[in-house]
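Work through the exercises below with the sequence and the 3D view side by side. Try each task before you read its solution.

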Amino acid sequence: METRVAVMSIIVEDTNSIETLNGILHEYRDYIIGRMGLPYKPKHINIISIALDAPQDVIRKS
């Protein structure tokens with residue numbers, strides 16, 4: 001099956017949702033090349049960038 005490399009960004013405003021987000025990312029762990037999280041304190045948000053190598057239908061779904 002052909003795969004594509006993509007970068008997805010997530011902005012987390014509610015830190016109570018981090019556990020749920022980590023559960024979702026765990027489901028897609030086979031496709032994740034790497035991820036980087038950046039806390040941005042002036043705006044009280046966290047920015048997460050995720051590099052994926054996955055089939056197109058998986059990228060659209062995630």
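The exercises go from the whole chain to single residues.

This is a predicted model: local features need pLDDT of at least 70, side-chain atom pairs count only at pLDDT 80 or more, and totals for chains, interfaces and linings use all residues. Residues are numbered from 1 along each chain as its sequence is written, and side-chain values use heavy atoms, with hydrogens and water left out.

**Exercise 1. The whole chain**

Task: State how many helices and strands the protein chain has, and give their pattern along the sequence.

Solution.
- Step 1: Count the elements. There are 2 helices and 3 strands. Helices (H or I, at least four residues) and strands (E, at least two) are DSSP runs, numbered from the N terminus.
- Step 2: Read along the sequence. The pattern is β-α-β-β-α.
- Step 3: Add the dimensions. The C-alpha trace spans about 40 × 20 × 15 Å along its principal axes.
- Step 4: Look at burial. Of the 62 residues, 23% are buried. Buried means under 20% relative accessible area, exposed over 50%, and partly exposed in between (1.4 Å probe, protein chains only).
- Step 5: Check the contacts. Take those between residues at least 6 apart in sequence: 58% of them join residues at least 24 apart. Contact means heavy atoms within 4.5 Å.

**Exercise 2. The sheet**

Task: Find the order of the strands in the sheet, and name the edge strands.

Solution.
- Step 1: Pair strand 1 (residues 4–12) with strand 3. They run antiparallel and are joined by 9 bridges. Two strands pair if DSSP finds at least two bridges between them.
- Step 2: Pair strand 2 (residues 32–40) with strand 3. This pairing is also antiparallel, over 8 bridges.
- Step 3: Put the pairs together. The result is an open sheet of 3 strands in the order 1-3-2. Strand 1 and strand 2 are the edges, since each pairs on one side only. Neighbouring strands are turned by 15 degrees against each other on average, direction ignored. Such angles compare axes, which are lines fitted to C-alpha atoms (for helices over the stretch in contact), and run from 0 to 180 degrees between N-to-C directions.
- Step 4: Locate some partners in strand 3. M8 has I50 as its bridge partner. V12 stands opposite N46. Y40 stands opposite I45.

**Exercise 3. The turn**

Task: Describe H44 in the hairpin: where is it, and what is its phi?

Solution.
- Step 1: Place the residue. H44 is found in the loop between strand 2 and strand 3. These two strands form a hairpin with 4 residues between them.
- Step 2: Read the angle. H44 has a positive phi of about 55 degrees, although it is not a glycine.
- Step 3: Compare with the general rule. Most residues other than glycine have a negative phi.
- Step 4: Check exposure. H44 counts as exposed because its relative accessible area is 66%.

**Exercise 4. The cores**

Task: List the residues of the largest nonpolar core, and say which strand gives the most to this core.

Solution.
- Step 1: List the members. The core has 7 residues: I10, V12, L21, L25, I48, I50 and L52. A nonpolar core is a set of buried Ala, Val, Leu, Ile, Met, Phe, Trp, Tyr and Cys residues joined through side-chain atoms within 4.5 Å.
- Step 2: Assign them to elements. Strand 1, helix 1 (18–27) and strand 3 each supply at least two residues. Strand 3 gives the most, with 3 residues.
- Step 3: Find the second core. Apart from the largest core lies another of 5 residues, among them A6, Y28, V58 and I59.
- Step 4: Zoom in on L21. Not counting residues up to four places away in sequence, L21 touches I10, V12 and I48.

**Exercise 5. A54 and T3**

Task: Decide whether A54 is buried or exposed, and do the same for T3.

Solution.
- Step 1: Place both residues. A54 lies in strand 3 (residues 45–54). T3 lies in the segment before strand 1.
- Step 2: Judge exposure. A54 counts as buried because its relative accessibility is 1%. T3 counts as partly exposed because its value is 38%.
- Step 3: Take the distance. The two are 51 residues apart along the chain, yet their C-alpha atoms are separated by 4.7 Å.
- Step 4: List contacts, leaving aside neighbours within four places in sequence. A54 is in contact with T3, R4, Y31 and I59. T3 is in contact with D53, A54 and P55.
- Step 5: Look at the side chains. Those of T3 and D53 make a polar contact (2.7 Å). A polar contact is a pair of N or O atoms within 3.5 Å; within protein, one must be able to donate a hydrogen and the other to accept it, and residues adjacent in sequence count only if both atoms are side-chain atoms.
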